[in-house]
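Reader: I would like to go through this model with a few short questions. Please show it before we start.

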Amino acid sequence: MILVVAEQLDGRLNRASWEAIAAAQQTGGPVKVVVLGAQAGAVAADLAAADVAEVLVAEHPSLERYTADGYVLALAQIAGAEQPELVALPHTYQTRDFAPKLAARLDRALITDCIGVRPHDGGRVFVRAMFQGKLYADVLPAGPAPHIVTFQIGAYRADAVARGSSAAPTRALSLTIDASAVRQKPEAPFKEAKQAVDLSQAERIVAVGRGIKGQEHLAVAEKLAAALGAELAASRPICDAGWLPMDRQVGSSGQTVAPKLYVALGISGAIQHLVGMKGSSTIVAINKDPDAPMFEVADYGIVGDLFEIVPALTKALNG
Amino acid sequence: MKIAVCVKQVVSREWHLRVADSKTWIRDQDASYELNEPDAYALEEGLRLKEKHGGEVIVVSAGPARVSQVIREALARGADRAIHVEVEGLVDADAFVTAEALAAALSDERCDLVLTGLQSDDSGFAQTGVLLAEKLGMPHGTIIMDVQVADGGLRVKRELEGGWFQWIAMPLPALLAIQSGINQLRYATLKGIMAAKKKDVKKIAAPSVAPRQQILNLYFPEKKKATQLISGSPAEAARELVRRLRDEARVIQ
Amino acid sequence: MIEILALWLLLLIFGGSFVAQVARRVRLVAAAPNNFSLDLLGFRIRRFVTDVVFQRKTIVERPFVGLAHAFVFWGFVAFAGFTATEFLKGLGIVDLTGTAWFHAYRLALAPFAVAALAGIVFLVIRRGIVRPVALGTHVSIESIVIGLFIAILMVTFLLDFRLEEGTPAARVNWWAHACVILAFLSLIPASKHLHLVLSPVTVFLKSPVLGTVPNLDFEKEEVGTEAIKDLKSKQVLDALTCVECGRCQVNCPAWESDKALNPKTLILQTKDALLAGSRDAKMVDVFDPGVLWQCTTCGACENQCPVGIEHLPLIIGARRGLVSNGEAPDYLGNVYNHMERRGNIWGLGYDQRQKFVESAGLEIFAAAKHEWLIWLGCAGAFEADFQKSLRSLFAILSAHGVRFGVLAKERCTGDVAKRTGNEYLFQELATQNIADLKAAGVTKILTSCPHCLKTIGDDYRRFGYEVQVVHSAVMVAELTRALRATDIESEVVTFHDPCYLGRYAGRTGEPRELLGRFGGELTEPARNRENPFCCGAGGGLLFEEKEKGTRISDVRFGQLRATGAGTIVTACPFCSIMLKGSQASAQSEIQVVDLMTFVNGRLQRMPGRTPGSP
């Protein structure tokens, strides 16, 4: 049985949990899902819609807020009680915080950030990327069960989760946790009040260059940014001309960005600018000059008039 | 404060990667090496805390003799002394083995704070720091952006996903895995390099520990990174781009 | 008799004062670590003759002023024998004034005196009334006084021809002349007029190569110029020699673009600290360290200086002192990390260079097969526009049968590290590069980057590595010299001389030769050839995005645009990046093109030629 540890905060399920469930389902064998923390019960009904054997709800005063100590104490007990052969988690920031501690506590193998699973010699081998994604490794866990595995965000698709024909049964777990053993004292999570634009924190950016031709045309880019939930940024000439403020300039000192998505509109790609955004995970370039250096670093590119393409893109995203 | 910073020497990002004949690691003969960049941020944080609260910074690393390169670099940046767990293997070790080696180095030291980077540029397990915390019996925090020390305890700012943050209090001694990019890395000054030659590097042996995982096969993935140009009318190209961003790149829902 | 005693007394007082003051300054120089050199003696002697004897520098840059000064200078030199002879008589030692040669000498001096008088009057009026910017905001009274002294000396000399010998008037005239000389003597050491004594020496001892900054010796734990006592002997001599002419100031691109950096002020502040005896004063207390980071190392200051001052070792020395203590500006810290970890200034991945090498069909250098090694440099490996110009270069070279290759792996020459004072990083990169170059058996290097040219061709020599390094403009000019270009469309262009090519390497003819050969109708900007106005990228400033005042690159772009040309041609990847940036910010339609791209484009379009053939 594969035990998937779902993640939730304030009654909202982290989308990556579905990816972990999909991964577990595709790995094969019965799947159970456990969810911890205050208001875990609120998400149980959602989870029960998946094609899983059971949904376990673990609520306890010491799990009121996430702490590494608390979660490890809880999961160690749960693993001992439920005896899974594999514990599967999504590789979220939270998982990274406690999964190795759980592995050390149970003295079991932990394989992190996996992108796939394959049968091997009657057992399984896990595929993970190494050397910053340049190489893949087939990794065999050693030692007795349970093995613990975390799945890379995006490696499996959340919408690939098989739904059950009827709701899975839900069970509340009772746990014994010594509050004094939980050494972390967390405060409430918060979002930083945005004093100024901080492009370095943006997950998505739409950047404009000289191709935008005039301040009056910025609206085209702004609509795309809104459709993508992205921050607006610019290359130096745009900020020099005063069309956008300096704190939106990419490429100046301190403004190195590494978003998941960077869409460059009408930016040729002078090296100062490229150096400021080359860390972006996915780069899209839209420019009417096919020789623009930006195309060299882009993952996807469209050669053409941005005034035609960008509205079409905004429409395709909103539609 | 007595602060230990664990650093790893990794093959330089410039090194042309080829798989070794054993197919379980890369060919690294005569490779160029460097200090794992996430660990450099941990070191920087350690040095800043020392400058603020006094004490010493001990740099710790495990690996073959050539690891002394990154140890010297850390000493040149300002660490006071070093512990080198010298062992010929450990190059492709899993996090458990590495964590045991580091724990052996620190077991007698009674540090107030242990700092590590989030993960290494080669293996990328993102485990070693947290495993080490458990072995040392310390509370820990990961993806730490800010460290405040007060009254025998810590208040640290942790990064959550989606632009959320959280402050957590915990007692000392503790271990923290520091987020990359939170501060400006100092470079080794000439004076620091000269001084590093005179600083103490203690060598100890590594404990013998069975690994918890094994690489069966290391290989290059099929797809190579090349720019995909999307053609067609603006409407067609736009739709196709959205499709690829959603299904291939997985950067939009 | 009384007169003789009086003269002796005065000579002892004023002359003694002169000697004491000069001795003090000589002691300052002697106390500093010695770095005087007499290498390339022939060059030094030739330069001494042209620049000191014939005042070439002062005249060429400011013709009227220079000529006026030359008259005064020649007057001084010519009068030396006269003054000495008269004093020997006045001191009662020997009287040669009656001899025939002395009479002839006196007559011969008359034109010198007239010229010197005319010169000094012109200069005093310029200083006191015209008041040019270079001379500072307030008039130096001492300079006016000295000017009047010189005028009095010339007037009294000429007057003597009209006065009968022995008359009271003649005696008074003689004594006036003598007293002015003695007063002058005691004023010389404490003022900028010390250059009378020092500048011939300083010019002689000036390095034959612009921007000579020796390696730091780490064995001796040298860290650079942290305090006044770390200044080397030539630097002390420089500070004491400054004549405050302001040529360095008005040619400095930072000063011209409203920044605080003023090379003249740096030298004078150093002098003040030396004379105050503050041996332990830190350089960051002598001058504002922020000012040090505004220098692009263009070398205009050092190049323009008529009295032999070397500004660059002072600035870079002080930078070294800062960097050794971890006080480089933040943006440089990033660049150092990039250079150290990735071996290039932008921290980009090695595979990008690989991609270029493959797509350009470049061969890996093999000594048996290739004559020339092409040094791509950081821009050649990573900057798309510069790579286009390199492709043009490769096409031209191949068309002319030149056998060339590139190194399998290159790391940055270390130019930025050297110029910003990170000597450790520079030496690391240099020693590794030299080892690679030697191992590959390279004897001839061709590059399109003037910074690589200076670093490998000059700075690497201090490691004992001598190799021939040539800039592509020089090579291609030579290759195409026999070409008779016909029917080439003409286009009005302007050429921006890169500082490291035009000023440092003195190569201003070849780019113009090429442009002219291939249809470029040249218009020259305000500052050009050996005295260009910097693009603003050197000295690490390529990475400073928060420049104070006006951007240096924008000022230069304005100068180039003012020529009216439709195309700006340059021959350096840094200049290209900066000028393109200014062009974009100015929303201008002027083309900024590299020389190789221009030439190859024209070569391809020459009628009767197949593309790529000679």
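Author: The model is a predicted one. In the contact between chain C and chain B, chain B supplies 12 residues, while chain C supplies 17 residues.

Reader: Which element gives the most to the side of chain C that touches chain B?

Author: Elements giving two or more residues to this side of chain C are helix 16 (311-324), helix 17 (330-342) and helix 22 (423-440) of chain C. With 6 residues, the one that gives the most is helix 17 of chain C.

Reader: How many residues of each class, nonpolar, polar and charged, does the side of chain C that touches chain B have?

Author: The side in question takes 17 residues from chain C. Sorted by class, they are 5 charged, 5 nonpolar and 7 polar.

Reader: Which helix gives the most to the largest nonpolar core?

Author: In soluble globular proteins, nonpolar side chains tend to be buried together. The largest nonpolar core here has 322 residues, and those with the most contacts inside it are A:Ala207, A:Leu265, B:Val5 and B:Val59. A:Ala207 is in contact with A:Leu265, and also with A:Val250 and A:Ile267, among others beyond four places in sequence. The element that gives the most to this core, with 9 residues, is helix 3 (residues 95-106) of chain B.

Reader: How many residues are in the second, separate core?

Author: Its members include C:Ala68, C:Ala113, C:Ile146 and C:Ile152. The size of this second core is 17 residues.

Reader: What distance separates the centres of domain 1 and domain 2 of chain A?

Author: Domain 1 of chain A covers 2-181, and domain 2 covers 199-318. Taken over C-alpha atoms, their centres are separated by 38 Å.

Definitions and conventions. Residues numbered from 1 in each chain as written. Chains lettered and ligands numbered in written order. Predicted model: local features only at pLDDT ≥ 70, side-chain atom pairs only at ≥ 80, totals over all residues. Domains from an automatic or database assignment. Contact = placed C-beta atoms within 7 Å. Helix = DSSP H or I, 4+ residues; strand = E, 2+ residues; numbered from the N terminus. Nonpolar A, V, L, I, M, F, W, Y, C, P; charged D, E, K, R; others polar. Core = buried A, V, L, I, M, F, W, Y, C linked by C-beta atoms within 7 Å. Buried ≥ 20, exposed ≤ 12 C-beta atoms within 10 Å, placed from the backbone.
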